[in-house]
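Reader: I am new to reading protein models. Could you walk me through this one, question by question?

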Amino acid sequence: MSQATKLSRRDFLRLTGAIGGAATLTLAGCAAPPPPQAPAQAGGQGQAPTQDSKNIKVLTVGDPWDLALQNVVTQFSDKTGIKVNIESLGYVALQARLVNSFLSKTADADVIAVDQMWISQYADNGWIHKLDDFIKADKDTNLSDFVPEVLYSLNTWRDHIWTLPVGAYAQGIMYRTDLFEKAGIDPLPATVADAKDWTWEKYFGIVQKLNGMEVDGKKFFGTTLIGAQPVPVVHMFTQLSASYGTHWFKQFPEAPWDFTPTINTPENVAALKDWKKLYEMAPPECINYLWFDAGTRFSQGDIGMFFHWTPYFYLVNNEGYLSGKPSPVVDKFKTAVLPTKDAGGKQVVSLGGWALGMPSTSANQNSAWQFIKWATGAEAQKAMGKVNVKGYQFADFARASLYKDEELRKLYPYLDTQLEMMKLGNGKVARPPAPIYTSLEAVYGLQINQSMTGTVTPEAALETTQTLFDNILKGNNMIPYSVDSFNDTLDATKALIQKLSA
């Protein structure tokens, strides 16, 4: 969902999106996955980390949390005396720069923004420090305040914590209340308790009813989608797919890991067929929409409802992405929980976002840790939520206590709905962070996009995806998987939280 400015970020993504996927295929294509490493710990095993400098460099990505962080970072410097130089990059540029610095063993930064999908690769290669010892040494980290599903989805790998969440994203629904009233449609459920009969079938029925409605001379589309490939379309489609019961692999993240692909199943074929139906009730140009395109299209006022990452719960108040210009939908929309495939069925919410980690090459580990702890702490996160620059633009909290904060609840009245989606989140199922995830995502996104255009049928798209997944996984010696597995469950993360909090 990241961008620097709308024009330059969009152009950059278009130019580099396919290249990024191809480059990952080249990097991942021939070697067996490395065995889990034990990176050197700060200050040596069992020793306290040293502090070498009162200046640190932080590499971030241009998401809303970065804007909020840069507006409050002086609070950290005032408190600690540590000066922080923040450099914000686009998504692809950040990933390329980090991998280059890791491979060249260059100390490019002391703290880095880490996408959840990168954590297995970074951890297994020893490119980042695990944070367990830092957390145990600092009793004021208050690890138990984090929503466990967030830590599980974003920050843990092989029973260690490698990063801490600075911006956590679930998915949910935004819909036009005025349009619902005119169409005689009841408000959507804001809580899981009220959503017993809330199904995707009903969601599709509402989209169909809203599609083509004309109000005050304006014709409405039922919904909007993210269609651009390879990465963006995967983010949105996999929420529908996960709700339909799709798993990418035969067994993962539970042990023993078996990466035999299971992407071509009746459940996923049904999801892709329904995804095409949504596209038929969306603006045709959304075949090329990036993350922010879909959000700003809703905020422009001709969309009935859509589902998206939860940061858009506040971003749609702007007419453009972080534009500062109020949108015509302000006070005309509400948020709702996601539907399930069957009434009363199990829900899997795609949970993503960004975290802060420490490169193994950093010479300023103590200062880096102090910044990570501060930026992901409740005090700094609340300050970020109160930043009013182009509107209030940060509510992506990973700490449970902030969802109860009355001051924040007034600024972001949908926090209860957002928290419910967080608690149903499972990022390791919806978009599983296998060590070569990016290579798989590149081929998956292309096939989803081509099925939308009608170039291939949904059945053919998923058959091709399955074949390419199988080839990539075998080429990387992940089928059969000979490296030790870890029973990576939410309960394991809860046990780890308890152990590190003792």
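Reader: Let's begin in the middle. Which residues touch the most other members of the largest nonpolar core?

Author: Happy to start there, and please keep in mind that this is a predicted model. In soluble globular proteins, nonpolar side chains tend to be buried together. Here the largest nonpolar core has 167 residues. The members that touch the most others are Trp65, Trp275 and Phe371.

Reader: Which residues is Trp65 in contact with, leaving aside its neighbours within four places in sequence?

Author: Contact here means heavy atoms within 4.5 Å. With the neighbours within four places in sequence set aside, the partners of Trp65 are Thr60, Ala113, Val166, Tyr169, Trp354, Leu356, Met384 and Phe394.

Reader: What percentage of the residues of the protein chain count as buried?

Author: A residue is called buried when its relative accessible area is under 20%. The protein chain has 502 residues, and the part of them that counts as buried is 60%.

Reader: Now a single residue: is Thr223 buried or exposed?

Author: Thr223 lies in the loop between strand 9 and helix 9. Leaving out residues up to four places away in sequence, Thr223 touches several others, including Tyr203, Leu278, Pro283 and Phe306. Its relative accessibility is 1%, and the limit is under 20%, so Thr223 counts as buried.

Reader: How far apart are the end C-alpha atoms of helix 9, and what span should its 13 residues have?

Author: Helix 9 covers residues 231-243, and the rule is 1.5 Å a residue. The expected span uses one less than the number of residues, so the 13 residues should span 18 Å. The end C-alpha atoms agree with that, being 19 Å apart.

Reader: Where is the kink in helix 9 centred?

Author: Helix 9 is mostly covered, with 13 of its 13 residues buried. Just after helix 9 comes Gly245, with a positive phi of about 100°. The kink itself is about 30° and is centred on Phe237.

Reader: Let's turn to a sheet. What is the order of the open sheet of three strands?

Author: The pairing in this open sheet is antiparallel. Strand 12 and strand 13 each pair on one side only, which makes them the edge strands. The twist from one strand to the next averages 30°. Written out, the order is 12-7-13.

Reader: Which residue of strand 12 does Met174 stand opposite?

Author: Strand 7, residues 171-176, pairs with strand 12 in the antiparallel sense over five bridges. Across from Met174, in strand 12, stands Phe306.

Reader: Which strands of the sheet does helix 11 touch?

Author: Helix 8 packs on the sheet too, touching strand 7 and strand 12, and its direction makes about 125° with that of strand 12. For helix 11, the angle with the direction of strand 12 is about 145°. Helix 11 packs on the sheet by touching strand 7, strand 12 and strand 13.

Reader: How many of the residues of helix 11 are buried?

Author: The buried residues of helix 11 include Trp291, Asp293, Arg297 and Ser299. Helix 11 is largely enclosed by the rest of the structure, because its buried residues number nine of nine.

Reader: One last pair: which residue of strand 2 does Leu59 stand opposite?

Author: Strand 1, residues 55-61, is mostly covered, with five of its seven residues buried. Strand 1 pairs with strand 2 in the parallel sense over seven bridges. In strand 2, the residue opposite Leu59 is Glu87.

Note on methods
Residues numbered from 1 in each chain as written. Predicted model: local features only at pLDDT ≥ 70, side-chain atom pairs only at ≥ 80, totals over all residues. Heavy atoms only, no water. Helix = DSSP H or I, 4+ residues; strand = E, 2+ residues; numbered from the N terminus. Bend = angle between axes of the 7 residues up to and from the residue. Buried < 20%, exposed > 50% of the residue type's maximum accessible area, 1.4 Å probe, protein only. Core = buried A, V, L, I, M, F, W, Y, C linked by side-chain atoms within 4.5 Å. Pairing = 2+ DSSP bridges. Axes fitted to C-alpha atoms, helices over the stretch in contact; angles between N-to-C directions.
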